[in-house]
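Student: I am new to this structure and would like a close look at a single part of it. Could you take me through the salt bridges slowly, with the reasoning at each step?

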Amino acid sequence: MTEELVPPLTVVRPGEGAAGFLGSIGVVFKLWGADTNGALSVVEHPFPVGALVPPHLHTREDEYSIVTEGEIGFRSGDREAVLGPGGYITKPRGELHTMWNAGSVPARMIEIISPAGFEHCFREMAEMLADGPPPSADAIPALVAKYGLEFGRPDWLPDVIARFGLTPPGP
């Protein structure tokens with residue numbers, strides 16, 4: 001009989017977890033893939049007022065988001081929703097999506113990423129941006145490509161930016 005690999009018991013209390021900045025939103029690391037045998041990872045994302053995550057798609061993982069504070073807008077493919085505290089949404093891999101602070105106060109959401117692994121992209125990006133802008137124009141695209149992330153510039157983005165008074169993403 002083979003012994004099943006049991007993940008360690010991990011306890012993360014409120015307010016705990018390493019934090020960083022990803023360029024437009026923050027990240028707080030709650031559960032790493034090592035805590036779940038690679039099944040998933042969990043991070044929290046604080047969204048300042050006006051924050052917009054550049055449209056992107058994941059090729060390796062699905063994301064599940066739960067809004068805990070404020071209002072966050074989501075666009076995935078041709079579907080759009082604005083959710084307040086307690087709202088849930090799925091963002092499947094392979095579909096271009098974006099998120100933004102849709103209100104006038106800071107917002108926050110929990111992000112469940114399955115399978116785990118992409119949390120390391122967040123860690124590397126936060127480390128890269130800790131002392132200011134990226135070292136070169138291609139530094140972030142090269143980093144995210146390593147994790148199977150692709151950026152996009154959909155034709156609906158200017159409308160979302162205008163309707164919610166958002167800060168446009170960089171070049």
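**The salt-bridge network**

Tutor: At 41% relative accessibility, Asp 159 counts as partly exposed, because that term covers values between 20% and 50%. Please keep in mind throughout that the model is predicted. Asp 159 forms a salt bridge with Arg 163, and the closest N and O atoms of this pair are 2.8 Å apart. Both residues belong to helix H3, where they are four residues apart and therefore separated by about one helical turn. An α-helix has 3.6 residues a turn, so residues three or four places apart point the same way. Side chains of opposite charge, in turn, can pair when their charged atoms come close.

Arg 163 has a further partner, since its side chain also meets that of Glu 80 in a salt bridge, at 2.9 Å from N to O. Here the two residues come from separate elements, Glu 80 from strand E7 and Arg 163 from helix H3 (residues 157-164), so the pair ties together parts that are 83 residues apart in sequence. Arg 163 counts as partly exposed because its relative accessibility is 42%, and Glu 80, at 33% relative accessibility, likewise counts as partly exposed.

These contacts belong to a network of salt bridges that links Arg 75, Glu 80, Asp 159 and Arg 163. Within this network, then, Arg 163 forms a salt bridge with Asp 159 and another with Glu 80.

Strand E7 also takes part in a salt bridge through Arg 79, whose side chain meets that of Glu 95 at 2.5 Å from N to O. Glu 95 lies in the loop between E8 and strand E9 (97-101), while Arg 79 lies in strand E7 (residues 79-83), so this pair ties together parts that are 16 residues apart in sequence. With a relative accessibility of 46%, Arg 79 counts as partly exposed.

To set the network in its wider setting, a search of the whole structure finds eleven salt bridges. Strand E8, which comes before the loop that holds Glu 95, also has a place in an open sheet of six strands, whose order is E1-E2-E3-E10-E5-E8 and whose pairing is antiparallel. Strand E1 (19-21) and strand E8 (88-91) stand at the edges of this sheet with a single partner strand each, so one side of each is left without a neighbour in the sheet.

Definitions and conventions:
Residues numbered from 1 in each chain as written. Predicted model: local features only at pLDDT ≥ 70, side-chain atom pairs only at ≥ 80, totals over all residues. Heavy atoms only, no water. Pairing = 2+ DSSP bridges. Salt bridge = Lys/Arg side-chain N within 4 Å of Asp/Glu carboxyl O. Buried < 20%, exposed > 50% of the residue type's maximum accessible area, 1.4 Å probe, protein only.
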